[in-house]
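Please open the structure in your viewer and keep the selection tool at hand. The tour below goes from one selection to the next and says what is to be found at each stop.

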Amino acid sequence: MPTETNAAFEIDHKFDAARKRHYLNGDCTVLHCHHYATLYTQLAMDATDFDGVRCLMETSEDVFFDVLSRYYTQKKIESIEDKIAVAQQYWQASGMGLLKFTGVGKYEVMAEMEYSHIDEGWLKKWGAADKPVNLITAGFVAACAALVNGKPPRTFEAKETKSLARGDEISAFKAIHK
Amino acid sequence: MAIDRQKIIDEMSKVKVVGNEEGLIPGFGVFVQQLPGEFWNGFARRLVNSVPEDLIGAAEGLLVNAAHECGYHTGHGIITSDEWNQVVAPMVEKVPEDILHGAFAIFTAWGWAETEVVDLVPGETMTVRANDYYESDVLLYGRATRPSAFMVRGVCAAFMDLAYGGDYDPSGKSGLYSFKCEQTKGIETGDAYGEFVVTKA
């Protein structure tokens, strides 16, 4: 499996003093807290009539597919191992937690988290959850699964199978080819 | 006013945040993350677009509330932080008005929105002007028919809660939601700047 000896994720942070905006590797980024991320997650989960969960996961999948795709192109990241290593480091640098891909195949991609922004935030804000809550990372894993296989978004369906917020020892994600 | 807005922006925009060995960014009493503005805009746009016409206002209200609660707790973390004490606190003469102006300078420095208080009636109303904000980027997809700076709206109200809503309450049961905010102008709807008017709830 990929290790830290693979490609290193480079952080190029710039502040545009005129527009007062921050850019990470060219992408306009903003700092937000766990209250914001967990409230957005809760909002998505509550919006059952409008498929809020899918809405949040697909937003995550689409946005991070584009972010990583641009980075891979710019840095000429081509091998699966390097793509995975960069994705893990990007999620870590962004403050979203420690994501490790544990299995990468053509039809199935698996990942685990020992630490997770969403879960830590959820526990801090509301206490234990009764179901997995890390929709944003699930979308990210779906994006990574597509990228390493050279496929477009929506090729994989990702689910969180274990959840730190629910009381499991780790969070686990499985993306399956549709 | 003793607050040197430009100095605060210059200093606080240099703060570099990156996940630690656990991939987390603890700070200001919360966990922070730095994601593309497009992610937050994307979810908000998709959610609002997915509801029927008569529920759009309610959906927008929920997005505003998320920011309101975030702004209340993170705002408190900011104005009690070491960074605040080093950079902003020495400039504060008039409480809470100077704190409010300082908080908006940090709001600007961190890339949420280039915002400035243009009118303030202490304890009553506040008008904030935003010359640039990432939520206006929805303009890339065509002029919006409704203002969509839900985050700025929520945070403006939250900062008034902190200034004039009584002691900070970590539970959010008091203080929070003492004020509400309406967006009266928006870059995304064709105006030259965004305007946000905060009044008592």
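Begin in chain B by selecting helix H3 (residues 56–79) together with helix H6 (residues 150–164), whose axes come within 7 Å of each other and cross at roughly 45 degrees in this predicted model. That angle makes H3(B) oblique to H6(B), and the crossing of the two helices is right-handed. To see the contact itself, show the side chains on both helices: on H3(B) the residues involved include Leu63(B), Ala66(B), Ala67(B), Cys70(B) and Tyr72(B), while on H6(B) they include Phe150(B), Met151(B), Val155(B), Ala158(B) and Phe159(B). If you colour the whole contact of H3(B) with H6(B) by class, you will find 13 nonpolar, six polar and three charged residues.

Keep H3(B) selected and add helix H1 (34–46) of chain A, which packs against H3(B) at an angle of about 155 degrees, with the two axes 8 Å apart. Are these two helices roughly parallel or roughly antiparallel to each other? Angles over 145 degrees count as roughly antiparallel, and H1(A) and H3(B) are therefore roughly antiparallel. H1(A) passes H3(B) in a right-handed crossing. From the side of chain A, select His35(A), Tyr36(A), Leu39(A), Tyr40(A) and Leu43(A), and you will see them meet residues of H3(B), among them Leu62(B), Glu69(B), His73(B) and Thr74(B). By class, this contact has eight nonpolar, three polar and one charged residues.

Next, select helix H2 (52–75) of chain A and helix H2 (residues 37–50) of chain B, two helices whose axes come within 9 Å and cross at roughly 145 degrees. H2(A) passes H2(B) in a right-handed crossing. Among the residues to display are Cys55(A), Leu56(A) and Val63(A) on H2(A), and Phe39(B), Phe43(B) and Leu47(B) on H2(B). The contact of H2(A) with H2(B) divides by class into six nonpolar, five polar and three charged residues.

There is also a strand pairing between the chains, so to speak of it select strand E3 (27–33) of chain A and strand E2 (residues 30–36) of chain B, which run antiparallel and are joined by five bridges. Which residue of E2(B) is the bridge partner of Val30(A)? The partner is Leu35(B), and selecting the pair gives you a fixed point from which to follow the two strands.

Now step back and select everything that joins the two chains: 45 residues of chain A are in contact with 41 residues of chain B. The elements that give two or more residues to the side of chain A that touches chain B include strands E1 (13–16) and E2 (21–24) as well as helix H3 (80–93) of chain A. H2(A) gives the most to this side, with eight residues. By class, the side of chain A that touches chain B has 23 nonpolar, 15 polar and seven charged residues.

Stay with chain A and look for its open sheet, in which four strands follow the order E4-E5-E7-E6 with antiparallel pairing. Strand E4 (97–104) and strand E6 (156–162) stand at the edges, each with a single partner strand, so one side of each is left without a neighbour in the sheet. Looking across the strands, you can follow a twist that averages 20 degrees from one strand to the next. Within this sheet, strand E5 (residues 108–116) and strand E7 (residues 171–177) of chain A pair over six bridges, and Glu108(A) stands opposite Ile176(A). Then add helix H4 (residues 117–126) of chain A, which packs on the sheet, touching E4, E5 and E7 of chain A, and whose direction makes about 45 degrees with that of E5(A).

Return to chain B for a hairpin, and select strand E3 (residues 113–121) and strand E4 (residues 125–133), which run antiparallel and are joined by eight bridges. Glu114(B) stands opposite Asp132(B) in E4(B). Between the strands of this hairpin there are three residues, and Gly123(B) takes a positive phi near 80 degrees.

Finally, colour chain B by pLDDT, for which the mean is 92, with 99% of the residues at 70 or more. Among the elements of chain B, strand E1 (residues 25–27) has the lowest mean, 89, and strand E6 (residues 194–200) the highest, 98. The model as a whole scores ipTM 0.95 and pTM 0.93.

Definitions and conventions. Residues are numbered from 1 along each chain as its sequence is written. Chains are lettered from A and ligands numbered from 1 in the order in which they are written. Two strands pair if DSSP finds at least two bridges between them. Axes are lines fitted to C-alpha atoms, for helices over the stretch in contact, and angles run from 0 to 180 degrees between N-to-C directions. Two residues are in contact if their C-beta atoms, placed from the backbone, lie within 7 Å. Ala, Val, Leu, Ile, Met, Phe, Trp, Tyr, Cys and Pro count as nonpolar, Asp, Glu, Lys and Arg as charged, and the others, Gly among them, as polar. Angles under 35 degrees count as roughly parallel, over 145 as roughly antiparallel, 65 to 115 as roughly perpendicular and the rest as oblique. A crossing is left-handed if the near helix is turned anticlockwise from the far one by less than a right angle, and right-handed if clockwise. pLDDT is the predictor's confidence in each residue, from 0 to 100.
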